[in-house]
Amino acid sequence: MIQKHTGTREPHYRLDTLSHGKFVTMYLAGVASSSVLFHFAGIHTLMCINYQLLTGCTKLFIALFLSTIQTYHKLYRLFLGFQIESMGMRCGFFHLHCVLRCKVRLTKVLFLTLHPKKQLSYKMKHTREEQMAAFGRLLDVMDELREKCPWDKKQTYESLRPNTIEEVYELSDALLQKDELNICKELGDVLLHVVFYAKIGSETNKYDIKDVCDKLCDKLIFRHPHVFGDLKVNSTDEVLQTWEQIKLKEKEGNTSVLSGVPASLPTLIKSYRIQDKARNVGFDWEEREQVWTKVKEEIQEFEAEVAHMDRIKAEAEFGDLLFSLINAARLYKINPDSALELTNQKFIRRFNYLEEHTIKQGRNLTEMTLEEMDKIWDTAKSEGL
């Protein structure tokens, strides 16, 4: 097997979480050493630091370390952005211009600009280096499984496809239930399938996980000119208005507005996506209230065909009715698939209550009247099931 992309999966050594105690040791070693190589290595490491994650004391020691560097060359401009939490001060990017001459320990620090530094709106659970290391570990595990596990060795695109669909539905269940632990677990299962398919692709040297990531990043950047380009937008609606046009401009992209809707999508979701894509190019009701006239029209046409006992025409009209109801849901920002699934779960809970209640009474559902079952059903509703 030829590996298309080579290189280590281990992250470069970074000082993102370096304690100031360890940095003091590094600093003292620098003072004691006159090795130009040591100082160049120190500079290279410093340039890779994510300073946002360092403590205030560590950042101060970095500045002291820079003042000890001895070299025969000038350093170009070095930007050091940091915060001094211990002093309760919030500092922006400090422009640090270091001019170093032979055997002269001199650092000129020019504070040219002060800007508030943007902070993340949340605290990352793991550093980017830890995240990358975990992904590299997954790739290594996948390599081992593909080489040594009899089941994994024989898998193909076709054999994995049903399992992939099942995993996505399991993730969907966890998302609807807002079960964070299961969401995490099911995301892992879906990610496994992504990595598995990429591994199969790499064995033919057609593509590998790097190509997958690169194509995704390129697509995201191209489709978000308001983030990565000069396009100005003020709302989500403005973004959606240009979305389909951008996709049509993509190389090897969609040849038409609706060509991007997968043929194998479940019919309910497919109807929603078809209508949503048509809306993005302006094919929609002028006022959403107008949809109810269409819904009522479709109900009447369906009832007429049912009355004529024409099953084929009735089926067609029922499809039109469902399509118009899905359209109404879209216009009122209701996901019809999610709404129907919530109703399915509600029915299951109430029916299970009915069944359990009759079993406790020593009775069978088939022996009960509809009125008796309705009474228990109403009790389940009153209990919030």
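In the predicted model, helix H12 spans residues 291–307 and contains both Glu297 and Lys294, which are separated by three residues, or about one turn of the helix. The side chains of these two residues form a salt bridge with an N to O distance of 3.5 Å. Glu297 has a relative accessible area of 33% and is therefore classed as partly exposed; Lys294, at 29%, is likewise partly exposed.

This pair belongs to a wider set of ionic contacts, as a search of the whole structure identifies 12 salt bridges. Side chains of opposite charge can pair when their charged atoms come close. A further example is the contact between Glu203 and Arg146, with 2.8 Å from N to O. Here the partners come from distant parts of the chain, 57 residues apart: Glu203 is located in the loop between helix H7 (180–202) and H8, whereas Arg146 belongs to helix H4 (residues 128–148). Arg146 counts as buried because its relative accessibility is 12%, under the 20% limit. Glu203, by contrast, reaches 30% and is partly exposed.

A salt bridge also joins Glu186 to Lys185, where the closest N and O atoms lie 3.1 Å apart. Glu186 retains a relative accessible area of 6% and is thus buried, while Lys185, at 45% relative accessibility, is partly exposed. Both residues take part in a network of salt bridges that also includes Asp189.

Helix H8 comprises 15 residues (209–223). The distance from its first C-alpha to its last is 21 Å, close to the 21 Å expected at 1.5 Å a residue. Its buried residues are Ile209, Asp211 and Arg223. Viewed down the helix axis, these buried residues fall within an arc of 165°, and so they line one face of H8. The N-terminal end of the helix is capped by Asp208, one of whose side-chain oxygens is placed 3.1 Å from the backbone nitrogen of Lys210.

On the surface, a nonpolar patch is formed by Trp292, Phe318, Leu322 and Leu325, which together present about 350 Å² of accessible area. The greatest contribution to the patch comes from helix H13 (residues 311–331), which supplies three residues. Leu325 is located in this helix; with a relative accessibility of 40%, Leu325 is classed as partly exposed because the value lies between the 20% and 50% limits.

How values were computed
Residues numbered from 1 in each chain as written. Predicted model: local features only at pLDDT ≥ 70, side-chain atom pairs only at ≥ 80, totals over all residues. Heavy atoms only, no water. Helix = DSSP H or I, 4+ residues; strand = E, 2+ residues; numbered from the N terminus. Expected span 1.5 Å × (residues − 1). Buried < 20%, exposed > 50% of the residue type's maximum accessible area, 1.4 Å probe, protein only. Arc of directions from axis to C-beta. Polar contact = N/O pair within 3.5 Å; in protein donor to acceptor, adjacent residues only side chain to side chain. Patch = residues over 30% accessible without salt bridge, like charges linked within 9 Å, V, L, I, M, F, W, Y side chains within 5 Å. Areas by Shrake-Rupley, 256 points an atom, 1.4 Å probe, with all protein chains shown as cover. Salt bridge = Lys/Arg side-chain N within 4 Å of Asp/Glu carboxyl O.
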